[in-house]
Amino acid sequence: MSTISTITGTTADPSGDHSGDHSGDSSADRRADAVGVPRIGVLAVQGDVREHLAALTALGAEGVTVRRPAEVEAIDGLVIPGGESTVMDKLVRAFDLREPLLRRIAEGMPAYGSCAGMIMLADRIADARPDQQTLGGLDITVRRNAFGRQVDSFEQDLDYAWSDAALPGTTGTVHAVFIRAPWVEQAGPGVEVLARVSEGPAAGRIVAVRQGNLMATSFHPEVGADRRIHAEFVSIVRAHRLQQSGARQSPEREDTA
Ligand code: GLN
């Protein structure tokens with residue numbers, strides 16, 4: 001388990017090797033600057049925490065680990081990393097994180113889950129042990145270890161439905177790394193499908209989704225240099241933060257002198 005609580009670093013081009021065009025000088029970025037640097041937590045009870053912190057920090061967000069209930073209250077968005085969802089579920093309950101996480105997600109806090117993180121954000125799991133709980137939020141059914149034991153891990157280039165609002169002008173495929181990954185077996189009408197397996201026996205299976213402020217991928221964008229998926233999430237967090245700060249400054253306040 002990672003012991004780092006914060007990582008600081010420099011802002012880098014989020015596009016990595018597979019560049020789309022977003023120079024960081026959009027009006028959305030300038031507005032976001034007005035409300036400061038978003039603080040994004042990485043659930044740090046188990047899994048590949050360090051890689052997500054590095055990606056978030058490279059994009060100019062403040063990446064912090066989340067292990068305690070108070071830390072859940074102090075973040076603008078949350079990443080749930082890859083790892084082992086059964087262990088993560090047990091530790092989330094043991095560390096008293098379940099209730100605050102459920103509440104913040106219900107309140108609209110943006111969250112992004114990769115692999116085991118996708119399972120944690122799914123409303124339903126197929127073929128899971130009956131005692132495995134998820135946090136939920138995404139109206140999807142995921143199947144754990146869906147690709148089968150023979151093909152534990154594989155890589156594939158996928159078409160990805162980039163959000164024009166979040167990352168204007170971004171195009172191109174994603175080089176996706178799958179490690180004992182789940183797939184999305186069923187998605188409700190409010191769920192946007194962002195990517196599907198492009199070839200092989202699982203072709204057509206859904207492996208990336210978004211529903212409102214919740215995003216999930218079956219694969220691991222935190223490995224490798226391509227930061228576009230994290231950049232998309234950071235943009236969602238920035239937009240939400242801006243909206244919240246607008247709400248806090250609304251003229252309904254009665255205590256203005
Ligand atoms: N198979 C794992 C699970 O069920 C997920 C694997 C991963 O996150 N790389 O939680």
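This report walks through a predicted protein model, from its confidence to its strands, a helix, one loop residue and the ligand site.

## How confident is the model?

The structure is predicted, so a look at confidence makes a good start. The mean pLDDT of the protein is 87, and 82% of the residues reach 70 or more. Over residues 1-25, however, the pLDDT is below 50. That stretch still has 51 contacts in the model beyond its near neighbours in sequence.

## Strand β2 and its two partners

Strand β2 covers residues 39-43 and is mostly covered, with four of its five residues buried. On one hand, β2 is joined to strand β3 (residues 62-66) by five bridges, and the two run parallel. Within this pairing, leucine 43 stands opposite valine 66 of β3. To get from β2 to β3, the chain passes through helix α2, making a right-handed β-α-β crossover.

Strand β2 also pairs with strand β4 (residues 77-80), again in parallel, through three bridges. Here isoleucine 40 of β2 is the residue that stands opposite glycine 77 in β4.

## Helix α2

The helix in that crossover, α2, spans residues 49-58. Like β2, α2 is mostly covered: seven of its ten residues are buried. They are Val49, His52, Leu53, Ala55, Leu56, Thr57 and Ala58. Just after the helix comes glycine 60, which takes a positive phi of about 90 degrees.

## A loop residue to look at: methionine 109

Methionine 109 sits in the loop between helix α5 (98-106) and strand β5 (111-114). Is methionine 109 buried or exposed? This residue counts as buried because 21 C-beta neighbours lie inside 10 Å, and the cut-off for buried is 20 or more.

Which residues does methionine 109 touch, leaving aside those up to four places away in sequence? They are Gly77, Leu78, Arg104 and Asn213. Gly77 has already appeared above, as the residue of β4 opposite isoleucine 40. Another residue to find here is aspartate 76: its C-alpha atom is separated from that of methionine 109 by 6.6 Å, although the two are 33 residues apart along the chain.

## Around the ligand

Finally, turn to the ligand. The residues around it are Gly82, Gly83, Glu84, Ser85, Cys115, Ala116, Ile119, Arg144, Asn145, Ile179 and Arg180. Sorted by class, this shell has four nonpolar, four polar and three charged residues.

Conventions. Residues are numbered from 1 along each chain as its sequence is written. This is a predicted model: local features need pLDDT of at least 70, side-chain atom pairs count only at pLDDT 80 or more; totals for chains, interfaces and linings use all residues. A residue is near a molecule or strand if its C-beta atom, placed from the backbone, lies within 6 Å of it. Ala, Val, Leu, Ile, Met, Phe, Trp, Tyr, Cys and Pro count as nonpolar, Asp, Glu, Lys and Arg as charged, and the others, Gly among them, as polar. A residue is buried if 20 or more other C-beta atoms lie within 10 Å of its own, exposed if 12 or fewer, and partly exposed in between; C-beta atoms are placed from the backbone. pLDDT is the predictor's confidence in each residue, from 0 to 100. Two residues are in contact if their C-beta atoms, placed from the backbone, lie within 7 Å. Two strands pair if DSSP finds at least two bridges between them. A crossover is right-handed if, with the strands pointing away from the viewer, the path from the first strand over the helix to the second runs clockwise.
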